[in-house]
2 protein chains.
Amino acid sequence: MDAHGPLCVGIDPHQQLVESWGLPYTLAGVERFAMTCVEAFGGQVACVKPQSAFFEVFGSRGVALLERVQSGLRQAGTLTILDVKRGDIGSTMTAYAEAFLGKDRSDAVDAITVSPYLGYGSLRPALDLAAATGRGVFVLALTSNPEGASVQHARGAGGRSVAGEVVAGAAADNAAARESGRLGSVGLVVGATVGTAVRDLGLDLTSMGGPLLAPGVGAQGGTAESLRQVFGEALPQVLASSSREVLSAGPDVPVLREAARRTGRQMRALVALSG
Amino acid sequence: MDAHGPLCVGIDPHQQLVESWGLPYTLAGVERFAMTCVEAFGGQVACVKPQSAFFEVFGSRGVALLERVQSGLRQAGTLTILDVKRGDIGSTMTAYAEAFLGKDRSDAVDAITVSPYLGYGSLRPALDLAAATGRGVFVLALTSNPEGASVQHARGAGGRSVAGEVVAGAAADNAAARESGRLGSVGLVVGATVGTAVRDLGLDLTSMGGPLLAPGVGAQGGTAESLRQVFGEALPQVLASSSREVLSAGPDVPVLREAARRTGRQMRALVALSG
C-alpha cells in the first residue's frame, strides 16, 4: 500500500464486461480477459481481487484458470485477495481455510473474504490459519446492497448489531497486533456506499485494528466524499476496491494500467488528506 | 422422498473419515472415497449431499472430481444437493447460480445451499433461476453451532429475527406452489439440534411451504426426539441429513448401503408418526 496506494483492482470477468472488450464469453475469452488483467496490474497496484464466482461459473476448468491468475499475480509480487465469501463451521470451515490460505499451497492467496452468517466465531479455523501463515481474512461486516441491512443492522440480545458483533470479534483478534503498532490479520468488508451506517450503529473501525476492504468505489457509486463519510478517521486503514471503473478502460494493457494508476492516485490523495 | 424416505446422505470426505476407511488423504484417496459413496448411495437413497469444501481443498482437480461425483449421482437418478453455502449480490450471485443451477449444464445439481448474510433479497438470482429450471435452493436459516444465534436470533427494526426474515422471504417465494399443493423451490436449512429456537423465535415452518434440510442427524447429536422438538408439525417437510453416522460404516459398499437404509427407515418412521 505504501508503494502503490490504497487501491485494490478487481478482476470481475462477467459477461457484459468480457464482451465489451471484444472477447467471446467463453472460457477462452475469460482467460484472455483475466491474463490481460494479470499483465496490466501485476507489480503495478497494491492488490488485485479476483471474484471467484466468475471463474467457478466455468466449472473446474474455470477454477484451474483462477489458479493460473493467482500464480501470475504471485510471481509479479502483487497481493491477491480472493473474493470467495466462504462461511461454514468446524471441519468444513477448516477445509475452506486450507483450500485458500494453507501454508504449503503453491496457489495460496494473501487473503480471502469470508461470510459470518453462522456467527463470527464459526470462522475461527480461517482466522487462526490466516494468523499462523501471515495471511489475512476479510470478514463481511456492512455491505452496500439494500437488502444487507435486514441482517447486518439487526440487534442481538445485548443490543449490539450483527455488524457490531463482527467488528468486536475482529477487534479482539487484532488486539495483539494493534498493541505492537501493526494492522492485524482480520480485516472487514465495509461497502464504500453504506452512508451513515457505521456511525448510526456505533461501530469503531479505528480500534478494530485491521484493514478495511471497501468495494463499490467508482462505477458502483462510491466517491472520495462517500469514503470520507463512511470511514472518517479509519480512512488510513481503507483498501478501496474498484472493478468496473478500471476494467472498463480495457482491453489495452497500457490504458488499463493508466486507469489503475489514476484511480490509485485519487485514493492515495484522499487517504493523505484524512491524515 | 416417497420411494426412499426422507434421508439425505452427506459425502463429507474430511481427513479423519477418509483415513478411517484405510485410504490416504490425497486426491486419489478422496476420489476412491467419493466414488464409493456414489456406488453405495446412487439410486438407493432420496438424496445425496456432497460438501464442496472437501473437494475445493484439492483445488481445481478436486472440483473436477466433484463434477464426476455429480454426474455419477445424476446417472443413478439420485437427487443431489450441493452444499456450497454461496452468497453474494448482483452479477456475482447470478454467476454462482449459473455455476450450479444453470439449465444447460451437464454437471448441474438439483439444489444448492446459499447463505443470506447479504440479506434474503440478495439471493434473488439463485431463487429465480432455481424456480425457472425446476431446481431448488436451501437458504441457511437456523444453524446448530453455538455462534449461529449471534446473527440468526438478532432482531431487525420491525422486531422480527434474522431467521424470521429468511422464513418470511421463503414463504413469499413458495406461495404459488403452496396454493397448488406442492412444496416450493425455496427450502431452508434448519439444524436438527437447535432445540426450542424455532418456537422461541415464532417461526412458522409449515406455512413456509418448502423443504427443510436438517443437518446434524446422527453423529452430531440430532435424534428422532430432537427432530420432533425442532420441527413439530413441519416434520413431513424435513429432509434429514446425516453424514458421519452413515459414512463411518464404510468402506464396504453393502455395509454403507445398509447403514443408509437403516437410518432412512428410522427417518421415515419418525415422519410417519408425526402425520
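Hi everyone. Before I start, one definition: when I talk about a helix axis, I mean a line fitted to the C-alpha atoms over the stretch in contact, and the angle between two axes runs from 0 to 180 degrees between N-to-C directions. Please also keep in mind that what you see is a predicted model.

With that in hand, let's look at a pair of helices in chain B. Helix H5, residues 90-101, and helix H6, residues 124-133, have axes that come within 8 Å of each other and cross at roughly 35°. The crossing of H5(B) and H6(B) is right-handed. Which residues make the contact? On the H5(B) side they are Gly90(B), Met93(B), Thr94(B), Ala97(B), Glu98(B) and Leu101(B), and on the H6(B) side Pro125(B), Ala126(B), Leu129(B), Ala130(B) and Thr133(B). By type, that contact between H5(B) and H6(B) divides into 7 nonpolar residues, 3 polar and 1 charged.

Now let's step back to the whole of chain A. How many helices and strands does chain A have? There are 13 helices and 8 strands. Its radius of gyration is 18 Å, close to the 19 Å that the globule rule gives for 275 residues, so chain A is as compact as a globular protein of that length. If you prefer to think in boxes, the C-alpha atoms of chain A fill one of roughly 55 × 45 × 35 Å along the principal axes.

On to the strands. In chain A, 8 strands form a closed barrel in the order S1-S2-S3-S4-S5-S6-S7-S8, with parallel pairing. From one strand to the next, the twist averages 30°. Let me zoom in on one pair: strand S4 of chain A, residues 111-114, runs parallel to strand S5 of chain A, residues 136-142, and 4 bridges join them. Within that pairing, Val114(A) has Val139(A) in S5(A) as its bridge partner.

What packs on the sheet in chain A? One of the helices to look at is H4 of chain A, residues 59-75, which touches strand S1 (7-11), strand S2 (47-50) and strand S3 (79-86) of chain A. The direction of H4(A) makes about 175° with that of S2(A). Helix H8 of chain A, residues 162-179, packs on the sheet too, touching S5 and strand S6 (186-190) of chain A, and its direction makes about 155° with that of S6(A).

Chain B also has a closed barrel of 8 strands, running S1-S2-S3-S4-S5-S6-S7-S8 with parallel pairing. Here the twist averages 30° from one strand to the next. As an example of the pairing, strands S7 (residues 212-215) and S8 (residues 238-242) of chain B run parallel and are joined by 4 bridges. Leu212(B) finds its bridge partner in Val238(B) of S8(B). Helix H8 of chain B, residues 162-179, lies across strand S5 (136-142) and strand S6 (186-190) of chain B, at about 155° to S6(B).

So how do the two chains relate? A rotation of 180°, with 0.0 Å of shift along its axis, superposes chain A on chain B with an RMSD of 0.0 Å. The two copies are thus related as by a two-fold rotation axis. As for the interface, 100% of the interface residues of chain A are also interface residues in chain B, so the copies meet through the same surface.

Last, a few backbone details for those of you who like them. Gly250(A) and Pro251(A) are joined by a cis peptide bond, with omega about 10°. Pro251(A) sits in the loop between helix H12 (244-247) and helix H13 (253-274) of chain A. In chain B, the bond from Gly250(B) to Pro251(B) is cis, with omega near 15°. Finally, take a look at Lys85(A) in strand S3 of chain A: Lys85(A) is not a glycine, yet it has a positive phi of about 45°.

Thanks for listening!

Definitions and conventions. Residues numbered from 1 in each chain as written. Chains lettered and ligands numbered in written order. Predicted model: local features only at pLDDT ≥ 70, side-chain atom pairs only at ≥ 80, totals over all residues. Heavy atoms only, no water. Helix = DSSP H or I, 4+ residues; strand = E, 2+ residues; numbered from the N terminus. Left-handed = near helix turned anticlockwise from the far one by under 90°. Contact = heavy atoms within 4.5 Å. Nonpolar A, V, L, I, M, F, W, Y, C, P; charged D, E, K, R; others polar. Least-squares fit on C-alpha atoms with pLDDT ≥ 70 in both. Pairing = 2+ DSSP bridges. Rg over C-alpha atoms; globule rule 2.2 N^0.38 Å.
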